[in-house]
Amino acid sequence: MNRIIHKRGCKTKVFSAPFLYGVIVAFTGTLQAVMYMLSVWSANTELPSFSQLTSDKKTDVLVVGGGIAGLLCAYMLKTHGVDCILLEADRICRGVTQNTTAKITVQHGFLYDKLLKRFGKEKAQMYLRANERALQTYRALCGKIACDFEEKDNIVYTVKNRQAAERELRALEKLGVTATFEETLPVPIAIAGAVRVQHQAQFNPLKFLARIAKDLEIYEQTKVFEIRENRAYTAHGTVAAKQFIIATHFPILNKYGGYFLKLYQERSYALALENGPQIDGMYVDEAPKGMSFRNYGDYLLIGGGDHRTGKPGGNYGELRRFAKVHYPACAEAYVWATQDCMSLDGVPYIGQYSKTLPHVYVATGFHKWGMTSSMAAAEILCDMVLGKENDCAPVFSPSRNMLTVQLAVNGGTFLTSILTPTKKRCPHLGCALKWNPTEHTWDCPCHGSRFKEDGKLIENPATDDLKK
């Protein structure tokens with residue numbers, strides 16, 4: 001086990017981690033160590049490992065992607081007696097899943113007021129019902145798995161817009177959810193109002209998934225580079241399947257579904273502070289660039305610093321400045337970042353990949369609520385694979401109307417980036433890459449692909465390293 005020494009100001013913290021992603025030195029002529037650290041989950045959880053695919057296989061359903069969405073899909077299918085194989089390009093849970101703040105809730109920002117206005121009551125009720133079922137399924141499964149599952153209230157707050165909080169409260173009440181209005185919170189932020197929903201949950205996702213994955217047929221270090229005529233192709237074998245589920249965070253089949261226009265990605269950051277105060281709940285700002293708070297044991301987890309991938313943002317610095325002012329006695333134990341796929345309207349894309357691929361399904365665009373949405377996706381897609389009607393599926397349809405302002409923004413970003421002269425181009429669709437001085441990476445502002453300084457791929461939708 002590696003010993004890592006982390007110095008900040010006059011404090012020195014020595015702690016252990018299973019491994020260290022890397023230390024990159026040098027920033028504008030100044031010696032500076034940038035540590036790509038593990039999240040509090042990764043540093044304290046051992047995941048099972050699986051062998052690489054080395055021969056041709058045949059199955060009923062092939063799941064591509066070994067994050068929480070793919071693992072839950074495979075698990076649900078197996079519990080229904082469906083023969084299923086899962087392929088993961090790296091290691092399971094090595095991507096976004098390990099970097100979550102792990103909140104399980106039906107309350108996803110101030111969303112329900114928007115859903116009622118955009119889709120009407122029936123579809124807003126579908127969204128709520130799918131997430132309520134997901135929460136109930138977690139309760140049942142986590143009752144049998146030691147994963148630090150705790151029931152907690154979820155509170156969404158606003159620092160400026162009291163009327164938005166009041167509208168969200170009315171929307172929840174209209175949909176039958178018991179919610180309350182809050183004037184103050186046990187976190188150091190002055191709010192205009194907040195909406196509390198009781199009996200939500202938080203957990204350690206990797207402890208949970210380590211058990212979920214244990215009995216599944218999984219092949220790691222097995223990247224799918226093509227799906228053609230009911231067969232997936234990898235470097236060391238093929239998998240023939242009747243149906244496919246693409247759960248690769250950002251969908252990998254570029255020719256279908258128009259996901260390069262329907263999705264964009266955002267980065268966000270988190271700190272785990274030792275011996276932080278117990279705040280007895282999960283708190284999140286409704287604003288896109290706001291902050292979130294929750295406890296995990298003796299740690300206080302603070303999230304924020306959000307920005308579109310490839311664009312400037314608050315990053316770690318925003319959180320560290322906040323912590324220095326409000327929690328000066330709390331030592332920084334873990335620091336990590338994550339990346340989220342954002343849909344055009346705040347609702348994930350769960351269902352048939354495209355109208356021309358009837359045997360292929362997708363789960364993506366979880367909009368920073370991947371824990372609950374992944375379970376909802378697994379239940380919906382399992383029903384679809386089995387040929388059963390799911391009464392929540394219509395609101396998540398990937399082929400729904402996408403004429404939104406965000407679609408125009410995504411299109412404009414793409415055109416601007418394509419026309420920007422630079423040698424560093426993303427191999428996904430050719431966008432100009434931007435240097436990220438905070439994380440020392442090359443980031444794509446169009447679709448969120450990221451690369452290490454040496455060109456090695458970190459985040460999809462790109463599937464290849466940068467050319468030398």
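User: Before we get into the sheet, when do two strands count as paired here?
Analyst: Two strands pair if DSSP finds at least two bridges between them. Keep in mind that this is a predicted model.

User: OK, so how many bridges join E17 and E18, and in which sense do they pair?
Analyst: Strand E17 (residues 292–296) pairs with E18 over five bridges, in the antiparallel sense. One of the partnerships puts Phe-293 with Ile-302 in E18.

User: What's going on with Gly-297 in that hairpin?
Analyst: Gly-297 takes a positive phi near 60° there, and the hairpin of E17 and E18 has two residues between the strands.

User: And how does E15 pair with E18?
Analyst: Strand E15 (residues 264–274) is antiparallel to E18, with eight bridges. Ala-272 stands opposite Leu-301 in E18.

User: Is E18 buried or exposed?
Analyst: Buried: 10 of the 10 residues of strand E18 (residues 299–308) are, so E18 is largely enclosed by the rest of the structure.

User: Switching to helices. At what angle do H1 and H5 pack?
Analyst: About 40°, with the axes of helix H1 (residues 68–79) and helix H5 (residues 205–213) 10 Å apart. That angle makes H1 oblique to H5.

User: Which hand does the crossing have, left or right?
Analyst: The crossing of H1 and H5 is left-handed.

User: Which residues make the contact?
Analyst: From H1, Ile-68, Leu-71, Leu-72 and Tyr-75; from H5, Phe-208, Leu-209, Ile-212 and Ala-213.

User: How does that split by class?
Analyst: The contact of H1 with H5 has eight nonpolar residues, no polar and no charged ones.

Technical notes: Residues numbered from 1 in each chain as written. Predicted model: local features only at pLDDT ≥ 70, side-chain atom pairs only at ≥ 80, totals over all residues. Heavy atoms only, no water. Axes fitted to C-alpha atoms, helices over the stretch in contact; angles between N-to-C directions. Helix = DSSP H or I, 4+ residues; strand = E, 2+ residues; numbered from the N terminus. Parallel < 35°, antiparallel > 145°, perpendicular 65-115°, else oblique. Left-handed = near helix turned anticlockwise from the far one by under 90°. Contact = heavy atoms within 4.5 Å. Nonpolar A, V, L, I, M, F, W, Y, C, P; charged D, E, K, R; others polar. Buried < 20%, exposed > 50% of the residue type's maximum accessible area, 1.4 Å probe, protein only.
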